[in-house]
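I opened my notebook to record what I looked up, one entry at a time, with the model beside me.

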Amino acid sequence: MLRFFATLVALLALAQCTDAAEPVRERIEWADYWVTDAEKDDLPRVLFIGDSIVKGYFSAAEKQLAGKVRCARLATSKCVADPLFLDEVRLLLKQYRFDVIHFNNGLHGWGYSEDQYRDGLQKFLAALPKEAGDAKIVWATSTPMRASSDLKKFHEKNQRVVARNRLAAEVMKQRGLPTNDLYGLVEPHPDWHSKDGVHFNNHGKTAQGAAVAESVIKQLRHAATPGKRDDVNDQ
């Protein structure tokens with residue numbers, strides 16, 4: 001009997017470690033939605049999901065895609081392991097049909113374990129086809145975190161960034177999803193970082209915007225029919 005209870009306790013502890021049933025809150029939480037030319041449906045539409053990094057390169061990517069794509073973004077502090085992350089994404093997916101979704105998540109939610117991060121990513125990607133229809137999904141790796149005192153050195157948290165990128169790579173390989181390696185793009189260029197070691201200056205933003213735009217263009221020929229969703233009231 002004692003062995004049974006010991007096993008039960010171990011299983012419950014394991015479940016708590018891997019399943020983020022309750023959200024882990026940060027001191028400040030935020031979300032930023034932006035839809036350009038929301039009233040038009042004459043071009044394919046792309047959704048960029050990320051955090052403050054996507055806010056940084058969004059304008060550069062949109063400029064590269066001008067005349068080809070209508071752009072939207074969801075920048076959020078929520079980690080993909082947060083059980084409410086999908087609800088934030090739904091706010092846009094219920095209103096618009098997206099041909100391409102360029103997605104990153106990994107620089108927030110340090111209160112979640114790497115196992116919870118991986119499981120949250122898997123659950124989100126499993127749910128996304130029902131929510132986003134035929135949209136093509138492109139994963140983007142999380143960018144490096146550098147020491148603000150010396151941008152040539154990495155911040156101690158960068159080990160977790162690398163670990164999460166590695167976990168995400170396994171998930172994307174399993175699902176056959178393409179990856180836009182923004183980490184690899186900016187890693188050799190500490191001069192592209194801003195002084196805080198996390199965000200980027202204009203050189204970094206422009207380079208990322210060009211890489212993001214290129215990854216979107218590659219998906220467009222296989223993307224679903226563009227336009228604003230007209231079946232919102234039917235859901």
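**Entry 1: the ring cluster.** I began with the aromatic residues of this predicted model, and I noted that Phe 85, Phe 103, Phe 124 and Trp 139 are linked into a cluster by ring pairs. I then looked up the count of aromatic pairs, which comes to seven. For one of these, Phe 103 with Phe 124, I wrote down a distance of 4.9 Å from centre to centre and an angle of 45 degrees between the planes, which makes the pair tilted. Because Phe 103 belongs to strand E5 (residues 100–103) and Phe 124 to helix H4, this pair ties together parts that lie 21 residues apart in sequence. I also checked their surroundings and found that Phe 103 and Phe 124 are both buried.

**Entry 2: another ring pair.** Next I asked how the rings of Phe 48 and Tyr 57 are arranged. Their centres are 6.5 Å apart and their planes stand at 90 degrees, so I entered the pair as edge-to-face. Both Phe 48 and Tyr 57 are buried.

**Entry 3: the whole protein.** I stepped back to the overall picture and listed seven helices and 10 strands. Of the 235 residues, 46% count as buried. Among the contacts with a separation of 6 or more, I noted that 79% come from residues 24 or more positions apart.

**Entry 4: helix H5.** I wanted to know whether the length of helix H5 (residues 158–175) agrees or disagrees with what its 18 residues should span. At 1.5 Å a residue the expected span is 26 Å, and since the C-alpha atoms at its ends are 26 Å apart, the two agree. I listed the buried residues of H5 as Asn 158, Val 161, Arg 164, Asn 165, Leu 167, Ala 168, Val 171 and Met 172. I reminded myself that an α-helix has 3.6 residues a turn, so residues three or four places apart point the same way. The cover over the buried residues of H5 includes helix H4 (114–132), strands E6 (136–140), E8 (150–154) and E9 (179–180), and helix H6 (182–186). Just after H5, I found Gly 176 with a positive phi of about 70 degrees.

**Entry 5: H4 against H5.** Here I looked up how the two helices meet, and found that the axes of H4 and H5 come within 10 Å and cross at roughly 35 degrees. The crossing of H4 past H5 is right-handed. The residues making the contact include Tyr 117, Leu 121 and Leu 125 on H4, and Ala 163, Leu 167 and Val 171 on H5. Sorted by kind, the residues of this contact are nine nonpolar, two polar and five charged.

**Entry 6: Leu 92.** I located Leu 92 in helix H3 (residues 85–93), and its relative accessible area of 4% marks Leu 92 as buried. Leaving out residues up to four places away in sequence, I found that Leu 92 touches Tyr 33, Val 35, Leu 47, Arg 73, Leu 74 and Phe 98. For Leu 74, which is 18 residues from Leu 92 along the chain, I noted a separation of 8.3 Å between the C-alpha atoms.

**Entry 7: Asp 37.** My last entry concerns Asp 37, which sits in the loop between strand E1 (31–35) and strand E2 (45–50). Its phi is near 55 degrees, a positive value in a residue other than glycine. Is Asp 37 buried or partly exposed? With a relative accessible area of 26%, I recorded Asp 37 as partly exposed.

Notes
Residues are numbered from 1 along each chain as its sequence is written. This is a predicted model: local features need pLDDT of at least 70, side-chain atom pairs count only at pLDDT 80 or more; totals for chains, interfaces and linings use all residues. Side-chain values use heavy atoms; hydrogens and water are left out. Helices (H or I, at least four residues) and strands (E, at least two) are DSSP runs, numbered from the N terminus. The expected span of a helix is 1.5 Å times one less than its number of residues. Buried means under 20% relative accessible area, exposed over 50%, partly exposed in between (1.4 Å probe, protein chains only). Contact means heavy atoms within 4.5 Å. Axes are lines fitted to C-alpha atoms, for helices over the stretch in contact, and angles run from 0 to 180 degrees between N-to-C directions. A crossing is left-handed if the near helix is turned anticlockwise from the far one by less than a right angle, and right-handed if clockwise. Ala, Val, Leu, Ile, Met, Phe, Trp, Tyr, Cys and Pro count as nonpolar, Asp, Glu, Lys and Arg as charged, and the others, Gly among them, as polar. Rings of Phe, Tyr and Trp (its six-membered ring) pair if their centres lie within 6.5 Å; planes under 30 degrees apart count as stacked, over 60 as edge-to-face and the rest as tilted.
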